[in-house]
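Visitor: Please pick one part of this model and take a close look at it. I would like the pairing and the backbone in one connected account.

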Amino acid sequence: MSRLSALRDTLPAAGSGVRILSCGVILLHRPERKSWRYLLLRAFNYWDFPKGMCEPGETPLAAAIREVREETTITELDFRWGEVFRETPPYNHGAKVARYYIACTGCTHVELPVSPELGRPEHSEYRWVRRDEAWELLTPRVRAVLRWSDNILRGPHGPR
């Protein structure tokens, strides 16, 4: 049984209080000291930051780093803001919560490798976009995380 099938079979009932933690990274690149570019991935009609499920025994930050590597092949991550994160309200019928960290990268080359469990890439497209473009593509749930990141980026470890 694949990991996806096993998880589908064990999804908690809405209101059960048990939640699946999905961990990801708001991945930023700053070309030639211009405005930040955000990496977004598209699965079906939904755009999001790289993220995926935290596996048993894995820390949320380790899961986020692994998911970026698995979904984009990017391994160069600078968590200059430390381990600050923001979680979304529950979604997927209350079964899931997503936690996002913020990191920069100098690597803009993205590959969408084939997932062994799916037999195809998890995402069909990626884009490096400006903040206003990200806002237009993201769902309201993920826009709240983007808004949170605005405050972090304006802080003492912002543009460098």
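Guide: Tyr38 stands opposite Val129 in S9. That pair belongs to the part chosen here, strand S2, which covers residues 37–43. The model is predicted, so local features need pLDDT of at least 70 and side-chain atom pairs count only at pLDDT 80 or more, while totals for chains, interfaces and linings use all residues. Residues are numbered from 1 along each chain as its sequence is written, and side-chain values use heavy atoms, with hydrogens and water left out.

Strands (E, at least two residues) and helices (H or I, at least four) are DSSP runs numbered from the N terminus. Two strands pair if DSSP finds at least two bridges between them.

S2 and S9 (residues 125–129) pair in the antiparallel sense, over five bridges. S2 is also joined to S1 (residues 20–29), again antiparallel, by two bridges. There, His29 has Arg37 of S2 as its bridge partner. A third antiparallel pairing, over three bridges, links S2 with S3, and in it Ala43 stands opposite Tyr46. As a general point, side chains in a regular strand alternate between the two faces of the sheet.

S2 and S3 form a hairpin with two residues between them. S3 covers residues 46–48, and Phe44 lies in the loop that separates it from S2. What is the sign of phi at Phe44? It is positive, near 60°, in a residue other than glycine. Most residues other than glycine have a negative phi. Phe44 counts as exposed because its relative accessibility is 63%; the cut-offs are over 50% for exposed, under 20% for buried, and partly exposed in between, with a 1.4 Å probe and protein chains only.

His93 offers a second case: this residue is not a glycine either, and its phi is positive at about 60°. His93 sits in the loop between S5 (86–87) and S6 (96–104). With a relative accessible area of 69%, His93 is exposed.

For context, the protein chain has four helices and nine strands, arranged along the sequence as α-β-β-β-β-α-β-β-β-β-β-α-α. Of its 160 residues, 41% count as buried. Among contacts (heavy atoms within 4.5 Å) between residues at least 6 apart in sequence, 68% join residues at least 24 apart.
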